[in-house]
Amino acid sequence: MANLQKHRAHESLNIDTAAGWDVQTRLTISSAAHVTSDVSSANQICIESESEVYIRFDSSSSDTIVAANDPTIPANTLIFLKVPKGVGDTIYVHFKQVSSVGAKYLKIVHL
């Protein structure tokens, strides 16, 4: 008899879950300075920024944004990103404005 089952039980569920919802204090971003958030305890983050920003995950709390290499997140868009756990024991996400438009805010939620 042919096996008509296409997926195993755990594959067919295909769900993402979050154990928590931890709203952080909004961050003030600019093109002159970067801001960071320690996301070590989060599996995913939700981001909304008032201006376009560069983003980078790493294990250092100092500014490591490389404008020529790092991806950007568009302004006024709700973005969900999974936290890369292979970065290190402590994981930081860095943000910096793409172009100078004065100080703006960035909201972040740890999931």
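The exercises below work through a predicted model of a protein chain, each with a solution in steps.

**Exercise 1. Describe the protein chain as a whole: which elements occur, and in what order do they run from the N terminus on?**

Step 1. The secondary structure of the protein chain comes to one helix and nine strands, and the order from the N terminus on is α-β-β-β-β-β-β-β-β-β, with the helix ahead of the strands.

Step 2. Turning to burial, 30% of the 111 residues in the protein chain are buried. The protein chain exposes about 7100 Å², of which carbon and sulfur atoms supply 49%.

Step 3. For the contacts, consider those between residues at least 6 apart in sequence: 81% of these join residues at least 24 apart.

**Exercise 2. Determine the order of the strands in the four-stranded open sheet, and say which strands lie at its edges.**

Step 1. The four strands are arranged in the order 3-8-5-6, and their pairing is antiparallel.

Step 2. Strand 3 (35-38) and strand 6 (72-73) each pair on one side only, and these are the edge strands.

Step 3. Inspect the pairings of strand 5 individually. Six bridges join strand 5 to strand 8, and within this pairing Ile 55 has Phe 95 of strand 8 as its bridge partner. Two bridges join strand 5 to strand 6, again in an antiparallel arrangement, and here Val 53 stands opposite Ile 73.

Step 4. As background to these pairings, strands of a sheet pair through backbone hydrogen bonds, either parallel or antiparallel.

**Exercise 3. Identify the residues that touch the most other members of the largest nonpolar core, and find the strands that each supply at least two of its residues.**

Step 1. The largest nonpolar core holds 17 residues, and those touching the most other members are Val 39, Ile 45, Ile 47, Val 93, Phe 95, Leu 106 and Ile 108.

Step 2. At least two residues of this core come from each of strand 2 (27-29), strand 4 (44-49), strand 5 (53-58), strand 8 (92-97) and strand 9 (104-110).

Step 3. Take Ile 47 as a worked case. Leaving aside residues up to four places away in sequence, Ile 47 touches Ile 55, Ile 73, Thr 77, Leu 78, Ile 79, Leu 81, Phe 95, Leu 106 and Lys 107. Among these neighbours, Phe 95 and Leu 106 also appear in the list of core residues touching the most other members.

Step 4. The general expectation is that in soluble globular proteins nonpolar side chains tend to be buried together.

**Exercise 4. Decide whether Ser 49 is buried or exposed, and describe its surroundings.**

Step 1. Ser 49 is found in strand 4. Its relative accessibility is 1%, and because the limit for a buried residue is under 20%, Ser 49 counts as buried.

Step 2. Apart from residues up to four places away in sequence, Ser 49 touches Ile 29, Ala 75, Asn 76, Tyr 105 and Leu 106.

Step 3. A polar atom of the side chain of Ser 49 lies 2.6 Å from the backbone oxygen of Ser 51.

**Exercise 5. How many salt bridges does the structure hold, and which parts of the chain do three of these pairs link?**

Step 1. The structure holds four salt bridges. In general, side chains of opposite charge can pair when their charged atoms come close.

Step 2. Lys 107 forms a salt bridge with Glu 48, with the closest N and O atoms 3.6 Å apart. This pair links distant parts of the chain, since Lys 107 is in strand 9 and Glu 48 in strand 4, 59 residues apart. Lys 107 is partly exposed, at 45% relative accessible area, and Glu 48 is likewise partly exposed, at 30%.

Step 3. Arg 56 and Asp 70 meet in a salt bridge at 2.8 Å, N to O. Arg 56 belongs to strand 5, whereas Asp 70 lies in the loop between strand 5 and strand 6, 14 residues apart. Arg 56 is partly exposed, at 27% relative accessibility, whereas Asp 70 is buried, at 11%.

Step 4. Asp 63 and Lys 96 meet in a salt bridge at 3.0 Å, N to O. The pair spans 33 residues, with Asp 63 in the loop between strand 5 and strand 6 and Lys 96 in strand 8. Asp 63 is partly exposed, at 36% relative accessible area, whereas Lys 96 is buried, at 16%.

Step 5. Finally, salt bridges that share partners join Arg 56, Asp 58 and Asp 70 into one network.

Note on methods: Residues numbered from 1 in each chain as written. Predicted model: local features only at pLDDT ≥ 70, side-chain atom pairs only at ≥ 80, totals over all residues. Heavy atoms only, no water. Core = buried A, V, L, I, M, F, W, Y, C linked by side-chain atoms within 4.5 Å. Buried < 20%, exposed > 50% of the residue type's maximum accessible area, 1.4 Å probe, protein only. Contact = heavy atoms within 4.5 Å. Pairing = 2+ DSSP bridges. Areas by Shrake-Rupley, 256 points an atom, 1.4 Å probe, with all protein chains shown as cover. Polar contact = N/O pair within 3.5 Å; in protein donor to acceptor, adjacent residues only side chain to side chain. Salt bridge = Lys/Arg side-chain N within 4 Å of Asp/Glu carboxyl O.
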